[in-house]
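Here are a few short exercises, each with a worked solution. Have a look at the structure, then try each task before reading on.

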Amino acid sequence: MACTEFQPALSALVDGTLSREGKARLESHLEECADCRTLLTDLRRLRESARALPKMTPPESLWQKVRADFDAEASGASARRLSAGLPASSAKPRPGSVLRFIPRRPSVLAGLAAAAVLVLAVSAGIFFATRPAVPAAAVEPTSAHPTPAQTVQSVEAELDLADQHYEKAIAGLEQVAKEGQALLDPQVAEVLQKNIGVIDQAIRESRTALRSQPTSELAQASLFDALQRKIGLLRDTISLINEMRKGDQAGTAKVVGSLGKI
Amino acid sequence: MSDIGIGDRELATRCLAGDREAFEGLYRQHASRLYNLTYRMAGQADAEDLLQDVFLQAYRKLGTYKGDSSLGTWLYRLTVNLCLDHLRSRQGKMAKVTDSLDDDDAAPVMSPGRPAEAAAARLDLEQAIEALPPSYRSAFVLHDVEGYQHDEIAKLLGIAEGSSKSLLHKARLRLRNLLQG
């Protein structure tokens with residue numbers, strides 16, 4: 001028999017799982033084969049080394065991240081339960097979790113950023129979960145079919161509600177960004193401010209357009225696109241502050257590069 | 001290694017209801033053991049992120065926990081699966097040759113003393129484990145590091161017991177060659 005045919009038996013011998021017959025055959029081969037004896041010794045050493053690897057302990061900071069995840073998920077589940085009138089155990093996770101926005105690396109502002117994103121998540125969750133209720137409430141008292149005026153009113157109410165939720169989320173993110181603004185390079189801060197100004201102008205123009213044409217899908221899309229861009233820019237700003245805190249030059253350069261793209 | 005804990009279902013229910021204290025209890029009880037698994041399976045660089053994902057996924061999936069096994073076993077299985085997904089994803093990204101969990105011919109068996117082509121320098125065991133393909137690494141870590149038996153590994157990985165033995169042996173040979181390199 002060739003050595004390769006005995007090799008699996010060597011592992012079984014190391015683990016003590018080789019049959020009596022197999023062990024007898026292998027031992028007979030080992031008496032004649034120095035290579036297999038060496039391999040057996042190595043396999044035993046390897047197993048001993050593996051068992052002796054040190055036990056690792058997760059850093060305490062990891063619990064802070066896990067807790068932030070849990071709080072965000074549990075809050076989202078709570079909001080969904082409230083809107084659906086369901087008991088706790090029937091809540092299902094929302095696809096596309098906000099948790100991907102939470103920085104995975106250590107950072108002083110991670111908790112603040114998570115809290116701000118949670119504002120967005122819960123707000124958006126409540127908005128979308130309650131969305132059908134708005135037109136229903138507006139239509140029910142008068143007739144089965146809304147008049148054009150009622151439709152416009154309900155659309156306006158819906159838009160106002162969504163707008164408020166976005167603004168609330170933006171306010172939270174702005175607060176977080178403000179906390180770490182001192183860390184930013186003045187030139188970068190200037191670019192950021194300029195970009196925020198451009199987006200704010202787009203938001204104002206979209207709102208003006210919506211006031212004159214509340215049912216215009218283009219105007220609606222334009223407003224929410226601008227709001228989302230502002231949230232994206234603020235999130236990038238917070239990421240940049242986090243990278244500055246960590247002293248990660250590559251990460252900083254990457255975020256700075258994205259800041260100019262609004 | 002099954003250790004069905006008293007009150008596991010109650011703990012799961014409390015976690016699902018948003019009880020942070022209960023969730024922290026779950027974390028404190030199992031994090032160290034699971035961290036060792038993610039550390040050996042995914043490597044130091046990804047171990048923390050992976051464990052964070054484990055607890056996130058655990059919260060999301062706790063509704064499916066029926067109490068048939070202990071929460072510890074349930075979490076361990078979840079961690080193994082996430083580690084494998086992670087390793088396969090990473091391997092895919094690196095455009096390396098993929099291997100199947102129960103494919104005995106996934107990689108050639110090296111003869112004793114043959115140097116590993118990829119290892120020009122001597123690597124320590126931790127680094128060598130990280131260099132193993134996902135299936136080899138799973139079998140080696142679960143058996144030689146974590147102390148699981150082949151029948152348990154077979155259940156965890158969803159493979160035949162014979163495949164577990166074969167993967168372990170090939171992993172050991174690969175490691176030996178890497179360490180000799």
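**Exercise 1.** Which residues form one aromatic cluster?

*Solution.* Keep in mind that this is a predicted model. Start on chain A, where Trp63(A) and Phe70(A) belong to the cluster. Then move to chain B, which adds Phe23(B), Tyr27(B), Phe55(B) and Tyr59(B). Next, count the pairs: ring centres have to lie within 6.5 Å, and over all chains that gives nine aromatic pairs.

**Exercise 2.** Work out how much area is buried between chain A and chain B, and which three residues of chain A supply the most.

*Solution.* Begin with the residues in contact: 41 from chain A and 47 from chain B. Between them, about 4000 Å² is buried, and carbon and sulfur atoms give 59% of that. Now zoom in on chain A's own buried area: Met56(A), Trp63(A) and Phe70(A) supply 18% of it, more than any other three residues. Two of these names, Trp63(A) and Phe70(A), also turned up in the aromatic cluster.

**Exercise 3.** Find the polar links between the chains, then say which helix of chain A gives the largest share of the side that touches chain B.

*Solution.* First come the salt bridges, five between chain A and chain B. One of them joins Asp42(A) to Arg176(B), with the closest N and O atoms 2.6 Å apart. Then there are 13 residue pairs in polar contact. Turning to helices, α1 (3-15), α3 (34-51) and α4 (60-84) of chain A each supply at least two residues of the side touching chain B. The largest share, 13 residues, comes from α4(A). Finally, sort that side of chain A by type: 20 residues are nonpolar, six polar and 15 charged.

Methods: Residues are numbered from 1 along each chain as its sequence is written. Chains are lettered from A and ligands numbered from 1 in the order in which they are written. This is a predicted model: local features need pLDDT of at least 70, side-chain atom pairs count only at pLDDT 80 or more; totals for chains, interfaces and linings use all residues. Side-chain values use heavy atoms; hydrogens and water are left out. Rings of Phe, Tyr and Trp (its six-membered ring) pair if their centres lie within 6.5 Å; planes under 30 degrees apart count as stacked, over 60 as edge-to-face and the rest as tilted. Contact means heavy atoms within 4.5 Å. Buried area is the accessible area (1.4 Å probe) that two parts lose on being put together, summed over both. A salt bridge is a side-chain nitrogen of Lys or Arg within 4 Å of a carboxyl oxygen of Asp or Glu. A polar contact is a pair of N or O atoms within 3.5 Å; within protein, one must be able to donate a hydrogen and the other to accept it, and residues adjacent in sequence count only if both atoms are side-chain atoms. Helices (H or I, at least four residues) and strands (E, at least two) are DSSP runs, numbered from the N terminus. Ala, Val, Leu, Ile, Met, Phe, Trp, Tyr, Cys and Pro count as nonpolar, Asp, Glu, Lys and Arg as charged, and the others, Gly among them, as polar.
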